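User: Could you walk me through one part of this model up close? I'd like to follow a single stretch of strand pairing and then see how it sits in the whole chain.

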Amino acid sequence: MVIRGTTRVSCPACGEPAEVELVQSINTRTHPTDKLRLLAGELNVLTCDACDKRTQLASDVLFHDPDADYYCHVVPGGEAAMRQAEAVFSSIGATGTQRLVPSLNALVEKVKILDAGLSDWAIEMTKVLLLASISELDRVLLFAAVDRDKRVLRWVLFDEDGRAPEPVSSSLDPYDKLAARAEDVAERRVDRAWALEAIKAMIASTN
Ligand SMILES: [Zn+2]
């Protein structure tokens, strides 16, 4: 697997060919600047010389934080590719937390949650509860930060069309209650669909 190289692509807006550096493996200990570029939205991005349009390249990326014993694999190829990646994770017998996500943006959110010292599964469940409370379950809500002094979680909420992001905040209490319920979650895909099922199971078990 190529972990760092250049790839020839064409700008999707104007068709201008370009060479772009493509990073497919991020190790936070040996290459900390890759993580900074990821968080800044600058990793694997084509900025076209001809029309200035920025395009994120869809590519497999394996993120590994050895200090947190944490792996996250970005698998953009849809359900079949996800299943294949799941099988690979199982076969290599890696230890620690393992996650699969469909995009670099999803990876960025996972890394922010990890760096904040929070559990992604409890964050996903908190999101579903928050969205259900405003009857907007289909909206995109992304974790941004935690403020432990003020006891709030900060989020970015998108409109019905996935645009116009606006900052919102919520109490940290519901998250803390959820996080206290369980140890870590071994599932590799911890996303909205997972959280909906987890909340249904939680409601069923308390009734
Ligand atoms: Zn262009």
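Analyst: Sure, let's start with strand E3, residues 25–27, which runs parallel to strand E6, residues 61–65, with three bridges joining the two. Keep in mind that this is a predicted model. If you want one pair to click on, take serine 25: its bridge partner in E6 is leucine 62.

Leucine 62 is a handy place to stop, since it also leads you on to the next strand. Opposite leucine 62, over in E7, stands histidine 73. E7 covers residues 70–74 and is joined to E6 by five bridges, but here the two strands run antiparallel. So E6 pairs in parallel with E3 and in antiparallel fashion with E7, by the bridge criterion of at least two per strand pair.

How do you get from E6 to E7? The two form a hairpin, with four residues between them. Have a look at aspartate 69 in that turn: its phi is positive, about 55 degrees.

Now zoom out. The protein chain has six helices and 11 strands, and its C-alpha atoms fill a box of roughly 60 × 40 × 35 Å along the principal axes. Its radius of gyration is 18 Å, which agrees with the value near 17 Å that a compact globule of 207 residues would have. Buried residues make up 22% of those 207. As for contacts with a separation of 6 or more, 53% of them involve residues 24 or more positions apart.

Conventions:
Residues are numbered from 1 along each chain as its sequence is written. This is a predicted model: local features need pLDDT of at least 70, side-chain atom pairs count only at pLDDT 80 or more; totals for chains, interfaces and linings use all residues. The radius of gyration is taken over C-alpha atoms; the globule rule is 2.2 Å times the number of residues to the power 0.38. A residue is buried if 20 or more other C-beta atoms lie within 10 Å of its own, exposed if 12 or fewer, and partly exposed in between; C-beta atoms are placed from the backbone. Two residues are in contact if their C-beta atoms, placed from the backbone, lie within 7 Å.
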